[in-house]
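Visitor: I am new to protein models, and I would like to learn how to read one. Could you walk me through some features?

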Amino acid sequence: MENKLKLRKVALLSDTSTSVGYETALALARKGYVTYAGIKAPAQAKKLSSIANIEKLSLQLIKLDVNSSSSVTSAVKQVLKNEGLIDLLVNGTGYVLLGCFEDISMKEMAAQFETNFYGIARMLRSVLPFMRKQRSGVIININSVAGQIGFPCSSAFVCSQFAIQGLSESLRYELEPFGIDVSLIEPGIIRPSAFTNLIVIAQRAKRLSSPYSDMTRKLTNDMGRMPELGSLPVEVASTVLKAIQSKPILPRYLVGNDAAMITETRKSMTDIEFENFVKGTILSV
């Protein structure tokens with residue numbers, strides 16, 4: 001019985017209300033992980049709970065709001081009370097705030113970081129002391145290819161993704177002596193509706209009087225078509241499984257042909273050449 005318990009791996013996901021988090025929770029549970037699926041609103045949990053019951057998966061929904069330190073602490077304590085350890089932490093991506101920099105208020109910018117970056121930081125601060133104590137663990141931060149490349153009309157989101165990338169890369173050095181691996185999953189566009197459902201347009205960016213209104217309108221209109229070119233949420237979930245089964249676990253894993261194309265294009269060009277590429281393909285100017 002003791003050996004059997006040691007083979008049980010425990011995973012905690014920060015947010016499974018998105019399609020990526022939903023598919024990742026199911027993928028981990030089907031792989032045999034004792035999976036705790038963070039959920040902010042109970043109403044969002046019905047479908048996931050139903051599938052878990054039908055397939056008899058070891059998947060438990062847990063109330064978790066990454067914007068609340070007390071909620072994060074409570075969720076982590078509950079998992080540790082029930083299981084005694086956490087082997088894997090999967091952090092989600094938050095949302096995309098669209099708008100050029102001058103059209104984004106400081107309040108909107110702060111809210112973007114509060115969820116996208118500080119939400120991850122709260123999860124890490126709660127889980128890492130226990131992983132260090134057990135001298136093992138895996139941290140997966142689901143970021144975006146926007147963590148490597150700046151894009152117009154999304155400066156706040158891009159900044160939050162760059163911050164997550166910098167934190168993850170630094171943590172790899174800091175946590176390696178304690179047997180803890182850190183990796184980034186970096187998808188491009190997610191389809192079919194997963195991406196557009198996570199978009200918030202800054203209030204000033206909606207005004208026709210904005211000096212950036214033409215650029216914003218074009219990009220938001222194009223964004224409605226972009227998801228059809230992207231990856232399915234299940235592909236992100238499969239990449240999470242690939243990462244945690246890798247030896248060694250790599251610093252990052254790209255998801256989707258669009259992510260691979262844009263990063264390879266960036267590597268092959270000078271800064272000015274790449275700027276012209278973005279203007280020609282995204283801005284069409």
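Guide: We will go through a helix, some strands, salt bridges and a few backbone angles.

Guide: A word on the basis: this is a predicted model, in which local features need pLDDT of at least 70, side-chain atom pairs count only at pLDDT 80 or more, and totals for chains, interfaces and linings use all residues. Residues are numbered from 1 along each chain as its sequence is written, and side-chain values use heavy atoms, with hydrogens and water left out.

Visitor: Which residues of helix 4 are buried?

Guide: Two terms come before the case. Helices (H or I, at least four residues) and strands (E, at least two) are DSSP runs, numbered from the N terminus. Buried means under 20% relative accessible area, exposed over 50%, and partly exposed in between, with a 1.4 Å probe and protein chains only. In helix 4, the buried residues are Ser-71, Val-72, Ala-75, Val-76, Val-79 and Leu-80. Seen down the helix 4 axis, they fall within an arc of 165° (taken from the directions from the axis to the C-beta atoms), so they line one face of the helix.

Visitor: What do these buried residues pack against?

Guide: They pack against strand 1 (10-13), strand 2 (34-39), strand 3 and helix 6, where contact means heavy atoms within 4.5 Å. On the face turned away from the buried side, helix 4 carries the exposed residues Ser-70, Lys-77 and Lys-81. After helix 4 comes Gly-84, with a positive phi near 90°.

Visitor: How do the side chains of strand 9 point?

Guide: They alternate: Tyr-253 and Val-255 point to one face and are buried, while Arg-252 and Leu-254 point to the other and are not. Strand 9 also pairs with strand 7 (residues 180-187) in the parallel sense, over 4 bridges; two strands pair if DSSP finds at least two bridges between them. Val-255 in strand 9 is the bridge partner of Pro-187.

Visitor: How many salt bridges are there?

Guide: Side chains of opposite charge can pair when their charged atoms come close. A salt bridge is a side-chain nitrogen of Lys or Arg within 4 Å of a carboxyl oxygen of Asp or Glu. The count comes to 9 salt bridges. One of them joins Glu-186 and Arg-252, at 3.4 Å from N to O. Glu-186 lies in strand 7 and Arg-252 in strand 9, so this pair ties together parts that are 66 residues apart in sequence. Glu-186 is buried, at 0% relative accessibility, while Arg-252 is partly exposed at 27%. Glu-169, Glu-186 and Arg-252 are linked in a network of salt bridges.

Visitor: Which residue forms a salt bridge with Glu-264?

Guide: That is Lys-267, with the closest N and O atoms 3.5 Å apart. Both residues lie in helix 10 (residues 257-268), 3 residues apart, about one turn of the helix. Glu-264 is partly exposed at 46%, and Lys-267 is exposed at 62%.

Visitor: What should I look for in the backbone?

Guide: Most residues other than glycine have a negative phi, and most peptide bonds are trans. Here Lys-56, which is not a glycine, has a positive phi of about 55°. Lys-56 is in the loop between helix 3 (46-55) and strand 3 (59-63), and is exposed at 73% relative accessibility. Arg-135 also has a positive phi, near 55°. A cis peptide bond joins Lys-247 and Pro-248, with omega about 0°. Pro-248 sits in the loop between helix 9 (233-245) and strand 9 (252-255).
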